[in-house]
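Grab a pencil and work through these exercises with the model open beside you. Try each task yourself before reading the solution.

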Amino acid sequence: MDEISAIIKNKGELSSYKYVMLLGASVVLLAIVVCFILMPVWQKHIFLEKEYKLYEERIRALESYAIQHRSYETEYVAKQGEYVRLRERLPLENQGQDYLGQLQQLARGQGVALAVARNSEPAKKLKGLTSIVLDVRTQESYGSVKRFLETLEKEGPYVIDKIKVEGNNEGLVNVSARIMIYSSK
């Protein structure tokens with residue numbers, strides 16, 4: 001009986017040893033299975049984090065683009081008003097107006113006699129507009145010339161391109177000016 005109880009006793013020790021080994025193997029196997037299951041999930045998590053950061057960068061870029069676009073739009077609206085005002089000042093070419101005669105009449109209305117008023121260059125066509133260049137010279141009082149030039153800028157299609165004034169604002173001044181006229185087709 002001693003032998004049987006020793007075998008049973010050894011068997012009990014073996015079974016607890018087997019139990020510990022089986023438990024250890026189960027834990028290792030469970031860890032391996034969890035790693036195989038969690039590894040793809042972890043990689044997917046990392047991938048999604050990178051995608052999220054990429055989309056955040058794109059959103060920031062689009063927001064800055066929208067802000068820039070709004071500033072361009074505001075600038076465009078402001079310039080559009082200037083364009084409309086300029087376009088209203090341009091006469092149609094087929095009206096056949098005598099620009100030199102109009103210029104002389106405008107000068108006389110301000111008390112200025114133009115000594116020279118001539119078309120100095122042939123008309124040039126550029127992007128739907130025709131430009132005409134007139135050279136004018138006069139010797140008049142400073143106040144009269146100043147009123148004439150101010151009126152010239154306000155009235156009609158005249159744009160002062162270059163101007164040269166000699167003298168002072170107390171007496172007579174010599175004025176040479178290059179005036180551009182733009183007409184649309």
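Before we start, one definition: helices (at least four residues) and strands (at least two) are DSSP runs, numbered from the N terminus. Keep in mind that this is a predicted model.

**Exercise 1. Find how many helices and strands the chain has, and the order in which they come.**

Step 1: Count the elements. You should get three helices and four strands.
Step 2: Walk along the chain from the N terminus. The elements run α-α-β-β-α-β-β.
Step 3: Look at burial across the chain. Of its 185 residues, 18% are buried.

**Exercise 2. Work out how the buried residues of helix H2 are arranged around its axis.**

Step 1: Pick out the buried residues of H2, which spans residues 99-109. They are Tyr99, Leu103, Leu106 and Ala107.
Step 2: Check the directions in which they point. They cover an arc of only 100 degrees around the axis, so they sit on the same side of H2.
Step 3: Recall a bit of helix geometry. An α-helix has 3.6 residues a turn, so residues three or four places apart point the same way.
Step 4: Now turn to the other side of H2. There, Gln105, Arg108 and Gly109 are exposed.
Step 5: See what comes after the helix. H2 is followed by Gly111, which has a positive phi, near 80 degrees.

**Exercise 3. Decide whether Leu29 is buried or exposed, and find the surface patch that Leu29 helps to make.**

Step 1: Locate the residue. Leu29 belongs to helix H1, residues 2-89.
Step 2: Compare its relative accessible area with the cut-off. Exposed means over 50%, and Leu29 has 54%, so Leu29 is exposed.
Step 3: Bring in the other members of the patch. Together with Leu30, Val33, Val34, Ile37, Leu38 and Val41, Leu29 makes a nonpolar surface patch of about 640 Å².

**Exercise 4. Find which residues form the salt bridge, and say how accessible each one is.**

Step 1: Count first. The structure holds one salt bridge.
Step 2: Name the partners. Lys164 pairs with Glu166, and their closest N and O atoms are 3.2 Å apart.
Step 3: Check the accessibility of each partner. Lys164 is partly exposed at 49% relative accessibility, and Glu166 is partly exposed too, with a relative accessible area of 39%.

**Exercise 5. Describe the largest cavity: its volume, its lining and the elements that supply the lining.**

Step 1: Count the cavities of 30 Å³ or more. There is one.
Step 2: Read off its volume. The largest cavity holds about 50 Å³ of space.
Step 3: List the lining. It consists of Leu114, Val136, Arg137, Thr138, Val145, Phe148, Leu149, Val175 and Ala177.
Step 4: Trace the lining back to the elements. Strand E2 (129-141), helix H3 (142-154) and strand E4 (172-184) each supply at least two of the lining residues.

**Exercise 6. For Tyr158 and Arg147, find the element, the accessibility and the distance to a residue elsewhere in the sequence.**

Step 1: Start with Tyr158. Its place is in strand E3, residues 158-167.
Step 2: Use the cut-off for buried, which is under 20%. Tyr158 has a relative accessible area of 3%, so Tyr158 is buried.
Step 3: Find its distance to Val133. These two are 25 residues apart along the chain, and their C-alpha atoms are separated by 9.8 Å.
Step 4: Move on to Arg147 in helix H3. Arg147 is partly exposed, with a relative accessible area of 42%.
Step 5: Finish with Gly109. Arg147 and Gly109 are 38 residues apart in sequence, and 9.8 Å apart from C-alpha to C-alpha.

Key: Residues are numbered from 1 along each chain as its sequence is written. This is a predicted model: local features need pLDDT of at least 70, side-chain atom pairs count only at pLDDT 80 or more; totals for chains, interfaces and linings use all residues. Side-chain values use heavy atoms; hydrogens and water are left out. Patches are made of residues with over 30% relative accessible area and no salt bridge: like charges are joined within 9 Å, nonpolar side chains (Val, Leu, Ile, Met, Phe, Trp, Tyr) within 5 Å. Accessible areas come from the Shrake-Rupley method with a 1.4 Å probe; for residues, only the protein chains shown count as cover. A salt bridge is a side-chain nitrogen of Lys or Arg within 4 Å of a carboxyl oxygen of Asp or Glu. Buried means under 20% relative accessible area, exposed over 50%, partly exposed in between (1.4 Å probe, protein chains only). The arc is that of the directions from the helix axis to the C-beta atoms. On a 1 Å grid over the protein atoms alone, a cavity is a set of points where a 1.4 Å probe fits but cannot get out, and a pocket is an open set with protein on both sides within 12 Å along at least five of seven lines; lining residues have an atom within 4 Å of a point. Grid points are joined across faces, edges and corners, and a volume is the space filled by probe spheres set on the points.
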